Amino acid sequence: MSLSTHPRAEPAQPTESAEPPRHRTPIALLRNTWRGLTSMRTALVLLFLLALAALPGALLPQRSLNPAKIEQYRLQHPSLAPLLERLGFFEVFASPWFAAIYLLLFISLIGCLGPRTLDYARACRAAPVVTPRNLSRMPHYASGTVDASPGEVLADVWRRLRGWRVAVSPEPDGGHAVSAERGYLREAGNLTFHLALVGLLIAFAVGKLFGYEGQVIVLTDGNQFCNTGILGYDSFQAGTLVDGTSLSPFCVKVDTFDADYLPSGQPADYRAGIGYQVGADLANGPNGPWRPYQLKVNAPLRIVGDRVYLLGHGYAPVFTVTFPDGEVRTATTQWRPADPNTLLSEGATKIDRPGLADEAQRRRNQLAITGLLAPTSSGGTLITSVFPALLRPEVAVDILRGDLGLDDGRGQSIFEVDQRQIASGALTRVARKNLRPGEQLRLDDGTTVRFDRVTQWVSLQISHDPAQQWVLVFAVAVLAGLATSLTIKRRRFWVRLRPADGAGRTAMEIGGLARTDQAGYGEEFFRLRADLLRERKTGGGA
Amino acid sequence: MPNVTFVNETLAAYSDYAFRTAVVIYLVAMVLHLGEYARDRVSSVAVPVAVGAPAPISQPAGDTGRAKRSRAERFGRTAVALTILGAGLHVGSLALRGAAVLRWPWGNMYEFCSAICLVAVLGWLFVLRRTPAMRRVGAFVLLPVVVLLFLAGTVLYAQAAPVMPALRSYWLAIHVTAASISGGLLLVAGVSSALFLVRVRAPRDATDGFVALLPTRDTLDRVAYRLTVIAFPIWTFAIMTGAIWAEAAWGRFWGWDPKETVAFVAWVVYGGYLHARATAGWRNGGAAWVNVVGFAVMLFNLFFVNLVTAGLHSYAGVS
Ligand code: HEM
């Protein structure tokens, strides 16, 4: 595979037809397979297959991007989806067939590059090819007679061909043949491009095997997250070779979060004021000094090989519940945005009744505060949010009392109460009200629920990819190689000089051949022709 | 609120006027280019008649032929002059929008389409300077440009406004500029390859019909190839800077997001084009088909991926 004419690709037909059609030995079979695989045509076909195979990755829902969409697709195409599932179409880039194509492509590439690198090394040391006997057959040709002795003309040719690799050989008729070639860097660029692609793929794969990515929600006002183990994360995706026991140690403390919005409600800027501890700082513990950082969307925090990103944010209402016996509980739970434009949020703040020794009684008296939170409330009885910033917060809540079902071993969402508990009557609604900050409501048993204020949370992503610098290095090499190989042209130029009749005159023939693309060589050839022939030309012509 | 939210409505309005005027001017230029065809067609029919007429080769017929050709010539020259004027207004429209919102004027699909078309027109004028024989292709370059601009100005239109937080980065200037430059150049290359395919279908010595008036196969092929050779590294650069930006904005440099995937597919197809053109047996059409497919993939990426699939690149600003 190459961007220039592959030297072995062109004469393929005649040699192949000359060979016996049947593969007699396994060695021959292997050799033929290898040849077929490393031919330009195969590489081309594999390249197109790769493009084709990647397309479903953009057209069908992908597990790694959005698993919920797969479920939706399944509902819409009940008969097709299972088949696609089995064939790996929902995980195109992890599927064996996709891997097979790019591995074959890279084998083909390596098989092609090895010999080409050797050829190139040889060509770099070899003299330019000898001057063809009949120059007029070349794509570019001109001849003429100039008023100068062959020696002078030869010196002139030498001077003009600075930068070319030049070989001069005497001819039997007393003249000289000059053979010149330049543009060797093209092939170097081309080899760099292809080798760097292989490097890029390897670095990419290493990153996938040893990298990890985890997401976690942290409340502002000084809450912390420490990267000590997988359990600290809300969700975690890791490469095959990551066991989670040796994550890079660091802690992050989130102090503030600020957002700017346009009057239309479109967000304009997000900033989280955080502190972090790494290395020796960690020994000081949570009260030790924290290094400050302003985390923004395009400005992740980079520490000890990990990156911390600000992915999203939301609100967490703070409720204080005062029980009839005087016990007080304050709870801050993150609620999730239900509408991304106005940040109308929903959630469930769950509270255990303190001071009850009897397990069954304790369970009958759990509380859940569920409903909606509008950062900028529309007011009225049915509230909604009209703006994403915290301008006029209000909540519309239901208070549920009973058994939340937290102890039955099934995990439950922190954003919802278990609907089965309501259906079974174990959990019942005891109040419903809209509250502004500072307002409270009283339940039938004398418990008060006060809506204190709203704080915020941020969702952070921690990413680790040990090979990504290498991906960058290879990407730069890919680009540099590509630019070199596409701008430099490999071309040849020949001159044949003969003493002409009449003293001090020289008959001259010049020929040119662009070895890669003809485009653009014409101009250079015409310039050389003008320089060498026309200046002192007295006769003849192109 | 901080000054990032500032929009100068007056400049934005002037930008819109300049945009609409440019589209109308391109449209007129396109029609004139077509007129050049109609005229030329008459003259190319007229000439064989004159040649077939008995000797002496009729002076009058030759004259009318030349007169008509020169009228075609006038159409063509006016079309080019108008294209230059349109491009001037087009530059003005983008510059005014940039000044109105104080950021690079390609932050949503309207602006981005406009930038791609501007590059296509400028690239086209550059081609014309180096290869005057390409002038007859003008109508076919301006057609997609006018259609794209029309869609941009209607369906995709977005009010001048600041961009969302993820787009607040100097990578917007680098990544999107590279994407629009390569997209614009590849549009012209795609048109050239498509006409090459039309041309190879017709017999080489066709003297009649519009095919005969197209530039030669070699010219079309060379223009397509040269533009692709310039655009391909820029496209590579656009993808790579996109990846660098994604590393900062989305937490990973590559995640097979639909836009990334289709950009990769287009990259592979154009790589395939360059290989195909260097492979014996692919030069007579095969390679040109690949180039046309490549541009189809680019368009798909621009429209389908931005508007239909919901990926991270959904900043299209179209509601
Ligand atoms: C690996 C990562 C990325 C790739 C491969 C990529 C690819 C592309 C491509 C191909 C285009 C041209 C659009 C077209 O033809 O439709 C484009 C445009 C654009 N990209 Fe990216 N991109 C990447 C990352 C990013 C990131 C991180 C951002 C911003 C956070 C971004 C923002 C944009 C914008 C604003 C446009 C132009 C307008 C639009 O299509 O809406 N890109 N990108």
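This is a chat about a predicted model with a chain A and a chain B.

Q: Hi! Can we start with where the chains meet? How many residues of chain A are in contact with chain B?
A: Sure! On the chain A side there are 56 residues, and they are in contact with 59 residues of chain B.

Q: And how much area do the two chains bury between them?
A: About 4,500 Å² is buried between chain A and chain B, with 70% of it on carbon and sulfur atoms.

Q: How many salt bridges are there between the two chains?
A: The count between chain A and chain B is two. One of them joins the side chains of B:Glu247 and A:Arg307, with N to O at 2.9 Å.

Q: What about polar contacts across that boundary?
A: Nine residue pairs are in polar contact between chain A and chain B, counting pairs with both residues at pLDDT 80 or more.

Q: Which parts of chain A supply the side that touches chain B?
A: Several elements of chain A each give at least two residues, among them the helices α3 (40-59), α8 (184-210) and α11 (468-487). Strands take part as well, including β7 (250-261), β8 (267-278) and β11 (306-322).

Q: Which one gives the largest share?
A: That is α3(A), which brings 11 residues to the side of chain A touching chain B.

Q: What classes of residue make up that side of chain A?
A: You'll find 34 nonpolar residues there, along with 11 polar and 11 charged ones.

Q: Let's move to chain B. How many helices and strands does it have?
A: Chain B has eight helices and zero strands. Reading from the N terminus, its elements run α-α-α-α-α-α-α-α.

Q: How much of chain B is buried?
A: Of its 319 residues, 57% are buried.

Q: And what share of its contacts joins residues 24 or more positions apart?
A: In chain B, 83% of the contacts with a separation of 6 or more are between residues 24 or more positions apart.

Q: Back to chain A, please. What is the strand order in its open sheet of five strands?
A: The order is β13-β14-β15-β16-β17, and the pairing is antiparallel.

Q: Why is one side of β13 and of β17 left without a neighbour?
A: Both β13 (336-337) and β17 (427-435) of chain A stand at the edges with a single partner strand each, so one side of each has no neighbour in the sheet.

Q: Can you show me how one pair lines up? How many bridges are there between β14 and β15?
A: Strand β14 (residues 345-351) and strand β15 (residues 366-374) of chain A pair in the antiparallel sense over seven bridges. As an example, A:Lys350 has A:Ala368, in β15(A), as its bridge partner.

Q: New topic: how many salt bridges does the structure hold over all chains?
A: There are 44 over all chains. A:Glu181 and A:Arg490 form one, with their closest N and O atoms 2.8 Å apart. A:Glu181 is in strand β3 (residues 176-182) of chain A, while A:Arg490 is in the loop between α11 and β20 (491-499), so this pair ties together parts 309 residues apart in sequence.

Q: Are those two buried or exposed?
A: A:Glu181 is buried, and A:Arg490 is buried too.

Q: What is the relative accessibility in the pair A:Lys253 and A:Asp255?
A: These two form a salt bridge with the closest N and O atoms 3.0 Å apart. A:Lys253 counts as buried at 16% relative accessibility, whereas A:Asp255 is partly exposed with a relative accessible area of 29%.

Q: And how far apart are N and O in the salt bridge of A:Asp325 and A:Arg353?
A: There the N to O distance is 3.8 Å. A:Asp325 sits in the loop between β11 and β12 (328-332) and A:Arg353 in the loop between β14 and α9 (359-364) of chain A, so the pair links parts 28 residues apart in sequence. A:Asp325 is partly exposed at 45%, but A:Arg353 is buried at 13% relative accessibility.

Q: Which residues are joined in a salt-bridge network?
A: A:Arg63, A:Glu71, A:Arg74, A:Glu85 and A:Glu91 are joined into one network by salt bridges that share partners.

Q: Last one: where is A:Asn434?
A: A:Asn434 is in strand β17 of chain A. Leaving aside neighbours within four places in sequence, A:Asn434 is in contact with residues including A:Ile383, A:Glu394 and A:Val395. A polar atom of its side chain lies 2.8 Å from the backbone oxygen of A:Thr381 and one lies 3.4 Å from the backbone oxygen of A:Gly380.

Key
Residues numbered from 1 in each chain as written. Chains lettered and ligands numbered in written order. Heavy atoms only, no water. Contact = heavy atoms within 4.5 Å. Buried area = accessible area lost by both parts, 1.4 Å probe. Salt bridge = Lys/Arg side-chain N within 4 Å of Asp/Glu carboxyl O. Polar contact = N/O pair within 3.5 Å; in protein donor to acceptor, adjacent residues only side chain to side chain. Helix = DSSP H or I, 4+ residues; strand = E, 2+ residues; numbered from the N terminus. Nonpolar A, V, L, I, M, F, W, Y, C, P; charged D, E, K, R; others polar. Pairing = 2+ DSSP bridges. Buried < 20%, exposed > 50% of the residue type's maximum accessible area, 1.4 Å probe, protein only.
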